[in-house]
Amino acid sequence: MVTEGMMQRGMQEEERTAGKVYLVGAGPSDPELLTLKGMRVLKKAQVVIYDALIGHGIYSMIPQEAEKIAAGKRAGNHTMKQEEINRLILEQAQKGKCVVRLKGGDPFLFGRGGEELELLIQHQIPFEIVPGVTSAVAAAAYAGIPVTYRGISSGVHILTGHKKRGEPLGIDFEALVRAGGTFVCLMGMAVLHEITAGFLQAGMAPGTPAAVIEQGTSARQKSVLAPLSELEAEAARQHVKAPAVIVIGEVAACGKQYAWRDKLPLSGCRILTTRPASRSGALTELLRGQGAEVLEIPTIRTRIRDAGTQLSEALAQIGDYQYAVFTSPAGVEYFFELLDRMELDVRCIGQIKLAVIGSATGDALKKHGLRPQLMPNHYNGTALGKLLNASMQDGDRVLLLRSSIGSRELVEQIQAGKKISVTDLAIYDTLYEAVKKTDQRDDAVPDAYLKALLEEGEIDLVMFTSASTVRGFVAMTQGADYTRVRAVCIGKMTAEQAAFYGMQVYMSEKETVESMVRCAKRLCGRQT
């Protein structure tokens, strides 16, 4: 007898076996232009087959646990032929995987997305299309050029400069000139001469405004504005290279007045943040708000410890402690998670006073209806230890709730010259993202993509908020030349760790993410 439950399990098994493919448009480069649906799908991907034209920030959003396969194609440099990519997508889906085919821009606008679906349809593999923001519009907008403008251009024509070797461009320039409007050409740098000559020969005025936008929406965006007849020479003079978007039409003149990106303090600066994914939001938001291109690549992660028994013993004596001390927001969150597992609530801590290392940790406590009684002016362990020492007497007790790799220096500062008892309770572990655990050993696996960015000078600044993020970064980029890394560090210990590896160290004036951003602005020469 077949029950409903058996049928449901069978359907679930069939679904897992079949796998599913998502063709996701990654947008032009800026990770904030990835759609909400694109982000949701990417987060659950088991395999990501990505193009060379996705932005570096987009790459940093790919889940650490997902298998990453490069299938990049740039002009004259194909990692894989299209037929191989099509087969690869199919093979991964047939393994029962959730496959994301991550494509620059929009998958159906000169992206050959349709071709990648043909084999899936033949083999009855389910798929979805997630449209992306096209560089035809986004790159122009980031250069201050509206592709349509009432009274100036009522239409836009999107063209491709891609053609087979030895064949002419398949563009009817005369028909386009008669139609009028704005002309946006993608993949056209290799045939820029043919494009400009084609429009001029078709009767377009030599003085027609035009623009070439290299690496639009990225930190390396460069905009060149010139009359149509001079565009090729000006692009060559300014060494513009692919990938670039070509805009021809009266609206291109708006780029002189409406360009906004270059006015932001951190425009042109590509910054890598290394905090755990759950803790990077505030820093990333501040940097992006100042115009930086931010790559979020966590070098460490945190994991709660099975510390319920030890915590229970400490809570049973909570009345004997004068202070409970938290050194990070993670410590606060894991403490309350442990309480929840023990079916306790905040009342169990009684009247004990609370001390924190900085405002972020204090804010984490406030979310749970608590406020710290002690917080040093300088947000570091030394200052916190000295403040606690000054506030306590011989015989007092401290409950320290923090990471298993917490510095001994804090305990020494608390006890300096006094008989103060410190219960140092590790309630979470700090782990390096580069370490992939196996049955036999822990292997530190470098991130080849990140290492290549460093070697190519594509990262302007790296932000470190703790010594452990520095060590995690080194584990992730083994063998890199760290003397080329410009490190913005919070606190003395973080700065010393970065200097140990030979990095160029810049320490923020205060131990806050706001101070780190001000330091970045000074380094990038756009302090306002």
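**From one loop residue to the whole chain**

M187 is found in the loop between β9 and α8, where the helices (H or I, at least four residues) and strands (E, at least two) are DSSP runs that are numbered from the N terminus. Although M187 is not a glycine, it has a positive phi of about 55°. At 41% relative accessibility M187 counts as partly exposed, given that buried stands for under 20% relative accessible area, exposed for over 50%, and partly exposed for what lies in between, with a 1.4 Å probe and with protein chains only.

Before going further, please keep in mind that this is a predicted model, in which local features need a pLDDT of at least 70 and side-chain atom pairs count only at pLDDT 80 or more, while totals for chains, interfaces and linings use all residues. Residues are numbered from 1 along each chain as its sequence is written, and side-chain values use heavy atoms, with hydrogens and water left out. The pLDDT, which is the predictor's confidence in each residue on a range from 0 to 100, has a mean of 91 over the protein chain, and 93% of the residues reach 70 or more. Over residues 10–16, however, the pLDDT is below 50, and beyond near neighbours in sequence this stretch has one contact in the model, where a contact means heavy atoms within 4.5 Å.

Seen as a whole, the protein chain has 20 helices and 24 strands, and its C-alpha atoms fill a box of roughly 90 × 75 × 45 Å, taken along the principal axes. Of the 528 residues in the chain, 50% are buried. The accessible surface comes to about 25500 Å², and carbon and sulfur atoms hold 50% of that area, which is computed by the Shrake-Rupley method with a 1.4 Å probe, and for residues only the protein chains shown count as cover. Among the contacts with a separation of 6 or more, 70% join residues that are 24 or more positions apart.

A good place to look inside is strand β13, which covers residues 270–273. From this strand R270 and L272 point one way, whereas I271 and T273 point the other way, and all of them are buried. Strands are said to pair if DSSP finds at least two bridges between them, and β13 pairs in the parallel sense with strand β14 (residues 293–296) over four bridges. Within that pairing, L272 stands opposite L295 in β14. Strand β22 (residues 461–464) also runs parallel to β13, to which three bridges join it, and here T273 stands opposite M463.

The next feature to follow is the aromatic rings, of which the structure holds 14 pairs. Rings of Phe, Tyr and Trp (its six-membered ring) pair if their centres lie within 6.5 Å, and planes under 30 degrees apart count as stacked, over 60 as edge-to-face and the rest as tilted. The rings of F183 and F199 have centres 4.9 Å apart and planes at 45°, so this pair is tilted. Because F183 lies in strand β9 (residues 182–186) and F199 in helix α8 (residues 192–201), the pair ties together parts that are 16 residues apart in sequence. Both F183 and F199 are buried.

The rings of Y482 and Y501 have their centres 6.3 Å apart and their planes at 65°, so they form an edge-to-face pair. Since Y482 lies in the loop between α18 (467–476) and β23 (486–489), and Y501 in the loop between α19 (492–500) and β24 (504–507), the pair ties together parts that are 19 residues apart in sequence. Y482 counts as buried at 9% relative accessibility, whereas Y501, with a relative accessible area of 26%, is partly exposed. Ring pairs link these two tyrosines with F464, F473 and F500 into a cluster.

The loop between α18 and β23 also holds T477, which at 0% relative accessibility counts as buried. Leaving out residues up to four places away in sequence, T477 touches L450, K451, L454 and Y482.

Some local details complete the walk. The peptide bond from A242 to P243 is cis, with omega near 0°, and P243 is found in the loop between α9 (231–237) and β12 (244–248). E343, which is not a glycine, has a positive phi of about 60°; the place of E343 is in the loop between α13 (329–341) and β17 (353–356), and E343 is exposed, with a relative accessible area of 74%.
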